[in-house]
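Visitor: Please pick one part of this model and take me through it closely. I would like one connected account, with residues and numbers.

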Amino acid sequence: MWTEFLQLPPPALRALLPWILIGVGFVAQFSGARLLIGRHRQSAAEERTVTKCPSAPEEETAAPLLLEMPIDGAHVPTNPELLPGARRAYRGGEHQGVDFSCRPGTPVVAAADGWVLSIADEPDLPKARRDELLGYCKQLGETPPEVLGVLHGRRVTLCHGLREGQLLTTSYSHLGDVSPDIKPGVRVRQGDPIGETGASGTSHAFGDSRWSELHFEVHLNGVPLGEGLTPQDAGALYREFLRREVPQ
Ligand SMILES: [Zn+2]
């Protein structure tokens, strides 16, 4: 009977039984190990997915270029003297940004999300030294970068990462004051206060305290926006960038 066969296996089968059990054990262990390896591989892959930062460069590349006006209610001027590409005879060279004339102490805000790249807060030169320096530049027919840095006065530069595949930075010059919480590396959101307008770095710093101006620059991959264009075309480009609406 088959029940007898189960209870009392034939001698040959009885001799093989320990080896069959060992074999079954090996198969079970191997399967278990495979399962563990599989799980480890799966969790490692999940870990890689999790550690992939949402703001990784390849994703920021797709972020659109959205800029907010650095002064609430302001408009890009039409006067070519206030736009990129305007000649600056008193120092040689060309203007590289947009000038917004406004009351002293007008709040200045971040044009886009990002973080503080640098703060230049050098005191103004004595007027005689400034005039001497500008005289050298006029003779040269250009303004070297280290001189230009002095002429920007109190200046905050923000880094906005890669936008549409290009490194976007914005800078805000001639500030009267920098907001106390604005420090290098600090994150800012679009519309956050950066500081207040003033006259630092300009000739007005020595006289008329009622005068103030924001010099605003947008750089893409280190190149000032509008470089090489006429002031009118550069102004139109700034108008295009600053007109883009922020999605709610
Ligand atoms: Zn300017």
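**From a helix end to a hairpin**

Guide: Helix α4 is followed by Gly141, which has a positive phi near 80°. This is a predicted model. The helix itself covers residues 127–140. Its 14 residues reach 20 Å from first C-alpha to last, close to the 20 Å expected at 1.5 Å a residue.

Gly141 makes a handy entry point, with its positive phi. Most residues other than glycine have a negative phi. Keep that in mind for the part I have picked, the hairpin of β4 and β5.

Start with the pairing. Strand β4 spans residues 155–163. On one side, 5 bridges join β4 to β3, residues 114–120, and the two run antiparallel. There, Ile119 has Val156 as its bridge partner. Strand β5, residues 166–173, is also antiparallel to β4, and 6 bridges join the two. Here the partner of Val156 is Tyr172. So much for the strands; now the turn. There are 2 residues between β4 and β5 in the hairpin. Glu164 takes a positive phi near 50° there.

Where does Val156 stand in the packing? Val156 belongs to the largest nonpolar core, a set of 25 residues. Val98, Ala110, Val156, Tyr172 and Ile194 touch the most other members. Two of these names, Val156 and Tyr172, are the bridge partners across β4 and β5. The elements that give two or more residues to the core are β1 (98–101), β4, β5, β6 (175–178), β9 (213–220) and α6 (231–243). The largest share, 3 residues, comes from β9. In general terms, nonpolar side chains in soluble globular proteins tend to be buried together. Across the protein chain, 24% of the 248 residues count as buried.

Now look around Tyr172. Setting aside residues up to four places away in sequence, Tyr172 touches Pro70, Val108, Arg155, Val156, Ile194, Gly195, Leu214 and Phe216. Two of those contacts, Val108 and Gly195, stand opposite each other, with Gly195 in β8. The strands concerned, β2 and β8 (residues 193–197), pair antiparallel over 3 bridges. They belong to an open sheet of 3 strands, ordered β2-β8-β6 with antiparallel pairing. The edges are β2 (107–109) and β6, each pairing on one side only. From one strand to the next, the twist averages 35°.

Next, follow the chain out of β5. His174 sits in the loop between β5 and β6. Its phi is near 65°, a positive value in a residue other than glycine. Is His174 buried or exposed? His174 counts as buried, because it has 25 C-beta neighbours inside 10 Å. The cut-off for buried is 20 or more.

Asn221 offers a contrast. Its place is in the loop between β9 and β10 (223–224). Asn221 has a positive phi of about 55°, although it is not a glycine. But Asn221 counts as exposed, because it has 10 C-beta neighbours inside 10 Å. The cut-off there is 12 or fewer.

Finally, step back. The protein chain has 6 helices and 10 strands. Among its contacts with a separation of 6 or more, 72% are between residues 24 or more positions apart. Tyr172 brings the threads together: it pairs with Val156, and it is among the core residues that touch the most other members.

Note on methods
Residues numbered from 1 in each chain as written. Predicted model: local features only at pLDDT ≥ 70, side-chain atom pairs only at ≥ 80, totals over all residues. Pairing = 2+ DSSP bridges. Helix = DSSP H or I, 4+ residues; strand = E, 2+ residues; numbered from the N terminus. Contact = placed C-beta atoms within 7 Å. Core = buried A, V, L, I, M, F, W, Y, C linked by C-beta atoms within 7 Å. Expected span 1.5 Å × (residues − 1). Axes fitted to C-alpha atoms, helices over the stretch in contact; angles between N-to-C directions.
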